[in-house]
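Visitor: Hello! Please walk me through this protein step by step, as I am new to reading structures.

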Amino acid sequence: MSITTIVGGQWGDEGKGKIIDHLAESASVIARYSGGNNAGHTIENEHGKFALHLVPCGISWPNTKNIIGSGTVIDPNVLIEEIEIINKSKLPGTIYISEKAHIIMPYHVILDELEEKFRGKNAVGTTGRGIGPAYSDKISRSGIRMVELLSPDSMIEKTLKNLKIKNEIIQKIYDGKKINEKEIINTIHIWAKNLSSYISNTEEIINKSINNKENIILEGAQGALLDIDHGTYPYVTSSNSIAGGSLTGLGIGSKDISNVYGVFKAFTTRVGEGPFPTEIFGKDADNIRKIAGEFGATTGRPRRIGWFDAVAAKYSAQINGLDSIILTKLDILDHWDEIKICVSYELNGKKLSNFPTDEKILNKVHPIYENIEGWEESTFNLDSFEKINENAKKFLNRLEEILELPINVISTGPKRESTIIRQKL
Ligand code: IMP
């Protein structure tokens with residue numbers, strides 16, 4: 001039995017979906033603990049290629065329970081569409097939605113857009129999916145939870161009360177367009193009809209599996225550097241994406257967690273605004289973006305590109321309590337004759353080894369790189385460590401040395417089988 005948290009180690013998009021799809025073969029529960037449909041987890045297996053936004057990535061395996069936990073925020077329209085695709089494609093896992101997960105209401109999506117516009121040059125670069133406003137309402141205790149869909153009349157009453165205030169804000173502060181009451185009432189009925197049968201007491205399901213000593217995967221979304229408390233605030237998402245979020249986001253105890261694995265790309269990407277010390281521009285960035293297909297799975301936005309940042313990665317290992325590393329997209333570096341790893345920062349002639357909290361400092365630091373000779377040989381689709389070129393092994397060994405953590409899994413392509421498992425999880 002093991003309970004393993006899979007967490008993004010960087011700014012999201014590390015390839016968690018593919019890894020979880022691979023590891024879920026031996027799991028009975030896969031439980032997502034934070035975020036909403038700002039995430040885009042791509043999986044590619046014998047059933048086809050899917051970009052999952054809310055449903056956990058164990059869904060392709062039979063006998064898996066796929067839980068959308070209390071720490072998530074759910075846009076029911078998106079979830080209904082996702083479930084429809086899953087059912088049509090006959091993906092065999094089952095889906096359970098926490099009664100306690102908060103709902104992204106239509107006014108949250110509109111407010112996300114209006115607030116971003118209002119921030120002007122200080123915009124966060126959100127995905128525009130209503131994530132921040134939904135979490136804000138949760139914390140200010142005016143949110144609406146999935147359990148409400150089981151009694152639509154009382155949900156409508158609460159929603160209309162909220163809508164009065166939201167419409168005032170939309171119209172009077174942001175000069176936006178009022179949301180129609182009738183439309184929202186109809187929408188609630190559609191949501192209730194389509195989703196009620198999935199709404200469950202998911203804490204009971206997961207804790208039963210823990211007591212039965214089953215294998216469980218806790219699925220992170222986004223990445224540690226986007227965490228609301230520990231990320232590059234304010235350029236972060238609105239939930240606890242670090243491993244700690246799995247406890248509150250699923251209602252389980254810390255003593256139950258066996259392992260925490262951090263997923264990192266062999267380089268770094270970031271979407272939206274905010275500091276990014278190892279960011280690169282021009283031809284090199286364009287090439288990596290093109291070869292790696294670095295465009296948002298949710299928004300289609302081109303991702304910002306940079307070299308591997310070991311200062312940020314060490315910080316991430318610390319705040320997540322990582323046991324080991326899962327390294328993805330190694331094959332993308334096949335094309336470079338020299339690979340860079342940022343080992344420290346420099347500011348005003350001083351060396352910084354720690355990841356600064358202050359956005360102003362992080363914006364100014366210069367990365368100090370260690371150069372590793374490239375391997376210029378394909379690692380694409382390799383499934384055994386022995387087959388990897390010696391220089392690529394040197395790169396992996398050096399990362400392990402710097403991060404003081406083993407790299408247990410290496411991903412060499414988007415398909416499930418393009419995975420090197422060095423140590424069984
Ligand atoms: P929000 O989560 O839509 O509020 O966006 C806040 C910040 O997090 C923005 O910079 C987004 O680009 C970023 N973000 C949110 N979700 C993801 C993700 O799944 N991958 C990468 N970046 C994300």
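Guide: Happy to! Let us begin with a word we need: two strands pair if DSSP finds at least two bridges between them. Please keep in mind that this is a predicted model.

Visitor: Which residue in β11 does glycine 8 stand opposite?
Guide: Strand β1 covers residues 3-8 and strand β11 covers residues 259-265. The two pair in the parallel sense over five bridges. Opposite glycine 8, in β11, stands valine 263.

Visitor: In what order do the ten strands of the open sheet run?
Guide: Strands of a sheet pair through backbone hydrogen bonds, either parallel or antiparallel. In this ten-stranded open sheet the pairing is mixed. Reading across, the order is β9-β7-β5-β2-β10-β1-β11-β16-β20-β21.

Visitor: Why is one side of β9 and of β21 left without a neighbour in the sheet?
Guide: Look at β9 (199-200) and β21 (419-421), which stand at the edges. One side of each is free of neighbours in the sheet because each has a single partner strand.

Visitor: What is the bridge partner of isoleucine 67 in β7?
Guide: Isoleucine 67 is itself the partner, in β5, of alanine 31, and β5 (residues 65-68) pairs with β2 (residues 29-32) in the parallel sense over four bridges. β5 also pairs with β7 (residues 94-98), again parallel and over four bridges. On the β7 side, the partner of isoleucine 67 is tyrosine 96.

Visitor: Which residue in β14 is the bridge partner of glutamate 279?
Guide: Here we move to an open sheet of three strands, in the order β12-β14-β13, with antiparallel pairing. β12 (268-270) and β13 (279-280) are at its edges, each with a single partner strand, so one side of each has no neighbour in the sheet. β13 and β14 (residues 304-306) pair over two bridges. In β14, glutamate 279 is partnered by glycine 306.

Visitor: How far apart are the centres of domain 2 and domain 3?
Guide: The chain is split into domain 1 (3-100 + 200-260), domain 2 (103-195) and domain 3 (264-421). Where domains 2 and 3 touch, six residues come from domain 2 and five from domain 3. Taken over C-alpha atoms, the centres of domain 2 and domain 3 are separated by 37 Å.

Visitor: Which three residues supply 70% of the area that domain 2 buries against domain 3?
Guide: The size of an interface is often given as the accessible area lost when the parts come together. Domain 2 and domain 3 bury about 380 Å² between them, with 46% of it on carbon and sulfur atoms. On the domain 2 side, 70% of the area comes from Gly125, Thr127 and Arg129.

Visitor: How many residue pairs are in polar contact across the interface of domain 2 and domain 3?
Guide: The domain 2 side that touches domain 3 has two nonpolar, three polar and one charged residues. Between these domains there are zero salt bridges. For polar contacts, the number of residue pairs found is two.

Visitor: Which proline is joined to tyrosine 233 by a cis peptide bond?
Guide: Most residues other than glycine have a negative phi, and most peptide bonds are trans. Lysine 213, in the loop between α7 (202-211) and β10, has a positive phi near 60°. In the loop between β10 (216-219) and α8 (245-248) there is a cis bond with omega about 5°, joining tyrosine 233 to proline 234.

Terms used: Residues are numbered from 1 along each chain as its sequence is written. This is a predicted model: local features need pLDDT of at least 70, side-chain atom pairs count only at pLDDT 80 or more; totals for chains, interfaces and linings use all residues. Side-chain values use heavy atoms; hydrogens and water are left out. Domain bounds come from an automatic or database domain assignment. Contact means heavy atoms within 4.5 Å. Buried area is the accessible area (1.4 Å probe) that two parts lose on being put together, summed over both. A salt bridge is a side-chain nitrogen of Lys or Arg within 4 Å of a carboxyl oxygen of Asp or Glu. A polar contact is a pair of N or O atoms within 3.5 Å; within protein, one must be able to donate a hydrogen and the other to accept it, and residues adjacent in sequence count only if both atoms are side-chain atoms. Ala, Val, Leu, Ile, Met, Phe, Trp, Tyr, Cys and Pro count as nonpolar, Asp, Glu, Lys and Arg as charged, and the others, Gly among them, as polar.
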